[in-house]
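Biologist: I am new to this structure and would ask for a close look at a single part, the contacts made by charged and aromatic side chains. Please begin with the term needed for the charged pairs, and then place these contacts within the whole.

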Amino acid sequence: MTRKLAREEAFILIFEKIFNKDSVEQIIELANEARDLKPDDYIKQVFFGVYENVELIDELISKNAVGWKIERISKTALAVLRLAIYEIKFFEEIPVSVSINEAVEICKKYATKEDASFVNGILATIVKEA
């Protein structure tokens, strides 16, 4: 599986977790049963990592989403932001520009252009502050 496809699968798992109170282990198990997902190391690391650090990640989102409460952010944009921020903060081997670009592309595919612009702006602000 390419990194791009793995990133998209990680996004889908993160998105599913927003709506599901099951544990991350159970969500991966359900994804395996429902769509035969065989998560690679990247998918597992990102999915588990996002939810191990969700408070820190959401704090960064809240701090940089001026005028927006996290509850008002579309669930798709929220999942993309969580994924991209995790990559930016915890995957030094992935260039920041790649994380941002891929996040915007996922947003364009699964959400709207407005969401993609919103995500791009939030991530750019977070990167500038780092």
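Modeller: A salt bridge is counted where a side-chain nitrogen of Lys or Arg lies within 4 Å of a carboxyl oxygen of Asp or Glu. Side chains of opposite charge can pair when their charged atoms come close. The model shown here is a predicted one, and by this criterion it holds 10 salt bridges.

A good place to start is R35. This residue forms a salt bridge with E9, in which the closest N and O atoms are 3.3 Å apart. Since R35 belongs to helix α2 and E9 to helix α1, the pair ties together parts that are 26 residues apart in sequence. With a relative accessible area of 33%, R35 is partly exposed. E16 also forms a salt bridge with R35, and here the closest N and O atoms are 2.8 Å apart. This pair again links distant parts of the chain, with E16 in helix α1 and R35 in helix α2, 19 residues apart. E16 has 25% relative accessibility and therefore counts as partly exposed.

Another salt bridge joins D36 and K38, whose closest N and O atoms are 3.0 Å apart. Both D36 and K38 are exposed. Elsewhere, K4, R7, E87 and E102 are joined into one network by salt bridges that share partners.

Charged side chains also meet aromatic rings. K17 lies over the face of Y51, 5.8 Å from the ring centre. In a second case, the charged end of R72 sits over the ring of W68, at 4.5 Å from its centre.

W68 leads on to the pairs formed between rings, of which the structure holds 9. One of them brings together F11 and Y110: the ring centres are 5.1 Å apart and the planes stand at 45 degrees, so the pair is tilted. F11 is in helix α1 and Y110 in helix α6, so that the pair links parts of the chain 99 residues apart. The two partners differ in how they meet the surroundings. F11 counts as buried because its relative accessibility is 3%, whereas Y110, at 33%, counts as partly exposed.

W68 itself pairs with F118; their ring centres lie 5.2 Å apart and their planes are at 55 degrees, so this pair is tilted. Because W68 is in the loop between α4 and α5 while F118 is in helix α7, the pair ties together parts 50 residues apart in sequence. W68 is partly exposed, at 36% relative accessibility, and F118, at 18%, counts as buried.

F11 and Y110 also belong to a wider group, as ring pairs link F11, F15, F19 and Y110 into a cluster. T76, which has its place in helix α5, touches F11, F15 and Y110 of this cluster. T76 also touches A111, where residues up to four places away in sequence are left aside. Its relative accessibility is 13%, and T76 therefore counts as buried.

The nonpolar interior offers a further setting for these contacts. The largest nonpolar core has 48 residues, and Y42, V46 and L123 touch the most other members. The elements that give two or more residues to this core are α1 (3-19), α2 (24-35), α3 (41-52), α4 (54-64), α5 (75-90), α6 (96-110) and α7 (113-129). The element that gives the most is α5, with 10 residues. L123 touches L81, A84, I85, I88, I100 and A103, again without counting residues up to four places away in sequence.

Finally, the chain as a whole may be described. There are 7 helices and 0 strands, and read along the sequence the pattern is α-α-α-α-α-α-α. The C-alpha atoms fill a box of roughly 40 × 30 × 25 Å, taken along the principal axes. The radius of gyration is 14 Å, which agrees with the value near 14 Å for a compact globule of 130 residues. Buried residues make up 48% of the 130 residues. Among the contacts with a separation of 6 or more, residues 24 or more positions apart account for 68%. The salt bridge between R35 and E9, at 26 residues apart, and the ring pair of F11 and Y110, at 99, are examples of links between separate helices.

Terms used:
Residues are numbered from 1 along each chain as its sequence is written. This is a predicted model: local features need pLDDT of at least 70, side-chain atom pairs count only at pLDDT 80 or more; totals for chains, interfaces and linings use all residues. Side-chain values use heavy atoms; hydrogens and water are left out. A nonpolar core is a set of buried Ala, Val, Leu, Ile, Met, Phe, Trp, Tyr and Cys residues joined through side-chain atoms within 4.5 Å. Buried means under 20% relative accessible area, exposed over 50%, partly exposed in between (1.4 Å probe, protein chains only). Helices (H or I, at least four residues) and strands (E, at least two) are DSSP runs, numbered from the N terminus. Contact means heavy atoms within 4.5 Å. Rings of Phe, Tyr and Trp (its six-membered ring) pair if their centres lie within 6.5 Å; planes under 30 degrees apart count as stacked, over 60 as edge-to-face and the rest as tilted. A charge sits over a ring if NZ of Lys or CZ of Arg is within 6 Å of the ring centre and within 35 degrees of the ring normal. The radius of gyration is taken over C-alpha atoms; the globule rule is 2.2 Å times the number of residues to the power 0.38.
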